[in-house]
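I open this notebook to record what I looked up, entry by entry. The subjects are two helices, two single residues and the surroundings of a ligand.

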Amino acid sequence: MAQEFIGIDEMVNNPQPETKSLRLPVLKGTLGPSVVDVRDLYKSKKIFTYDPGYTSTASCTSKITFIDGEQGQLLHRGYSIEELASQSTYLEVAYLLFNGELPTKDEYAAFEKEITYHTLLHEQVIHFFRGFRRDAHPVAVMIGVVGALSSFYHDSLDIQDKAQRDLASLRLLAKVPTIAAMAFRYSQGHPFMYPQNNLSYAGNFLHMLFGYPTESYEVDPVIERAMDQLLILHADHEQNASTSTVRMAGSSGANPFACLAAGMASLWGPAHGGANEAVLYMLHEIGDKSQIPKYIEKAKSKKDPFRLMGFGHRVYKNYDPRAAVLRESCHKVLEVLGIDDPLLELALELEKMALEDEYFLEKKLFPNVDFYSGLIFKALGIPTPMFTALFAVGRTAGWIAQWREMLEDPETKIGRPRQLYKGEKLRTYVPIVKR
Ligand code: ACO
């Protein structure tokens, strides 16, 4: 296909204002908007593009995940999130994200076995937990312990060696739930539970979260499936803040354990993965349906920093498809567990009133994945500070897949944005005695 170009009028203000025309190449993907290739712009024209928050910038090419924000569509390697959430398992989705294709029966069995046999932590890692305060946030603990893995697994730190990259990928996918569960148990003052190889990925995670050494833990199949589905729904979401952080950290050649710790730090913020926790606190604060109009007005007011947590998304200008799946399974889980949670009623009413409000309609602010996930986590008996930790467990598959893809892409360069400098020009230093 012939190369396409786009013409851009360039205003050159210095020394004499004049307009010059630029011809820039246009690159096309399989789906989604085309991109203007500005890679040679600085070299040829000595100007940068300006795009804080990357609202119009593609930072890489990828074959992993596609989002159509206008249609509310999410695809992993071409498969819709709705099909994956209803028919697949988290481990199968992880395999798909890593390798590009669904596994055969044998490939799946081998992958599951590999993951299962890497869930234990080096015994020495466990001492790290005891250095944290009991009231430390579980994500703070996870960031520390996942980063510390780089000081244990020296045989999977060479990122140039594919076999070592594969080993680090398996280790991370297998060990992050163990670390999350231990962070939780530590905060409760309860004994750590070692992984059980006869359990599924989600079942083992539940066992490590809720089991006791004094009795056997029966994994409830409904809860096990709900947990697995939650992990699938969080598995990947193309170039979001935490994934871009993992790629950026990895672009310098940093080891995978350090890169994932960096991704977790980015996820933790309330504008990203921290929102699921914030939704629950917000619903508690609203407290009663009669208070909803007051909080909607607060969210709309420019003078008030309050935002409706779990609403809005950089990419989705339609209903987040993950929220749609969760909205439905939230009802199912609560029904099966026989829980009558007034917070769900409150959430449904808040959603209804917000979606009827001109402000939210005009700005295309719809519920995102975090709006309903917290209610399910709560129904499963998971305390609020653990919500973002669970998001991190699910997103681990996507972080690893994106990190691997970045390292295998011959176009990858160290991530190094430029800036529009608005500071002082060169001036002479004045010694302190003369100031
Ligand atoms: N409540 C009220 N107003 C909102 C909300 C909200 N939740 N979200 C966005 N707006 C408004 C903004 O005030 C802004 O209004 P303006 O154009 O009049 O200034 C407009 O909508 C656009 O918002 P931006 O913040 O510019 O959009 P951006 O794409 O940068 O941010 C974000 C997206 C961070 C998700 C934002 O919608 C938000 O803060 N939501 C609440 C937190 C949340 O739920 N985060 C989870 C995101 S999903 C995830 O990470 C898994």
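**Entry 1: helix 12**

I began with helix 12, which covers residues 275-286 and so has twelve residues. I note that the model is a predicted one. From its first C-alpha to its last, helix 12 reaches 16 Å, which is close to the 16 Å expected at 1.5 Å a residue.

I then asked how many residues of helix 12 are buried. The count is nine of the twelve, so the helix is largely enclosed by the rest of the structure. I listed the buried residues as Ala275, Asn276, Glu277, Ala278, Val279, Leu280, Met282, Leu283 and Ile286.

Next I looked up what covers these buried residues. The cover includes helix 13 (292-300) and helix 15 (342-355), and also helix 17 (369-379) and helix 18 (387-408). Just after helix 12, I found Gly287 with a positive phi of about 75 degrees.

**Entry 2: helix 17**

Since helix 17 is among the elements that cover helix 12, I turned to helix 17 next. Helix 17 is mostly covered, with ten of its eleven residues buried. I recorded the buried ones as Val369, Asp370, Phe371, Tyr372, Ser373, Gly374, Leu375, Ile376, Phe377 and Ala379.

Against which helices do the buried residues of helix 17 pack? I found helix 9 (221-233), helix 12, helix 14 (321-336), helix 15 and helix 18.

I also examined both ends of helix 17. At its start, a side-chain oxygen of Asn368 comes to within 3.0 Å of the backbone nitrogen of Asp370. Just after helix 17, Gly381 takes a positive phi of about 85 degrees.

**Entry 3: Ser242**

I located Ser242 in helix 10, residues 241-251. Is Ser242 buried or exposed? Its relative accessible area is 0%, and buried means under 20%, so Ser242 counts as buried.

I then looked up the partners of Ser242. Its side chain makes a polar contact with the side chain of Trp399, at 3.1 Å. Not counting residues up to four places away in sequence, Ser242 touches Gly263, Ser266, Leu267, His272, Arg395 and Trp399.

**Entry 4: His137**

I found His137 in the loop that lies between helix 5 (126-129) and helix 6 (138-148). With a relative accessible area of 18%, His137 is under the 20% limit and is therefore buried.

Leaving aside neighbours within four places in sequence, I noted contacts of His137 with Trp268, Glu277 and Pro385. Of these partners, Glu277 is also one of the buried residues of helix 12. I further recorded that His137 and Thr388 are 251 residues apart in sequence, while their C-alpha atoms are 9.8 Å apart in space.

**Entry 5: the ligand**

Which residues come nearest to the ligand? Of the 21 residues around the ligand, I noted Lys302, Leu308, Gly310, Arg314 and Lys363. The shell divides into eleven nonpolar, five polar and five charged residues.

I then looked up polar atoms at the ligand. A polar backbone atom of Phe311 is 2.9 Å from a nitrogen atom of the ligand. A polar side-chain atom of Arg314 lies 2.8 Å from an oxygen atom of the ligand. For Lys363 I likewise found a polar side-chain atom 2.8 Å from an oxygen atom of the ligand. Taken alone, the ligand exposes 930 Å², of which the protein buries 74%.

Conventions
Residues numbered from 1 in each chain as written. Predicted model: local features only at pLDDT ≥ 70, side-chain atom pairs only at ≥ 80, totals over all residues. Heavy atoms only, no water. Near = heavy atom within 4 Å. Polar contact = N/O pair within 3.5 Å; in protein donor to acceptor, adjacent residues only side chain to side chain. Areas by Shrake-Rupley, 256 points an atom, 1.4 Å probe, with all protein chains shown as cover. Nonpolar A, V, L, I, M, F, W, Y, C, P; charged D, E, K, R; others polar. Helix = DSSP H or I, 4+ residues; strand = E, 2+ residues; numbered from the N terminus. Expected span 1.5 Å × (residues − 1). Buried < 20%, exposed > 50% of the residue type's maximum accessible area, 1.4 Å probe, protein only. Contact = heavy atoms within 4.5 Å.
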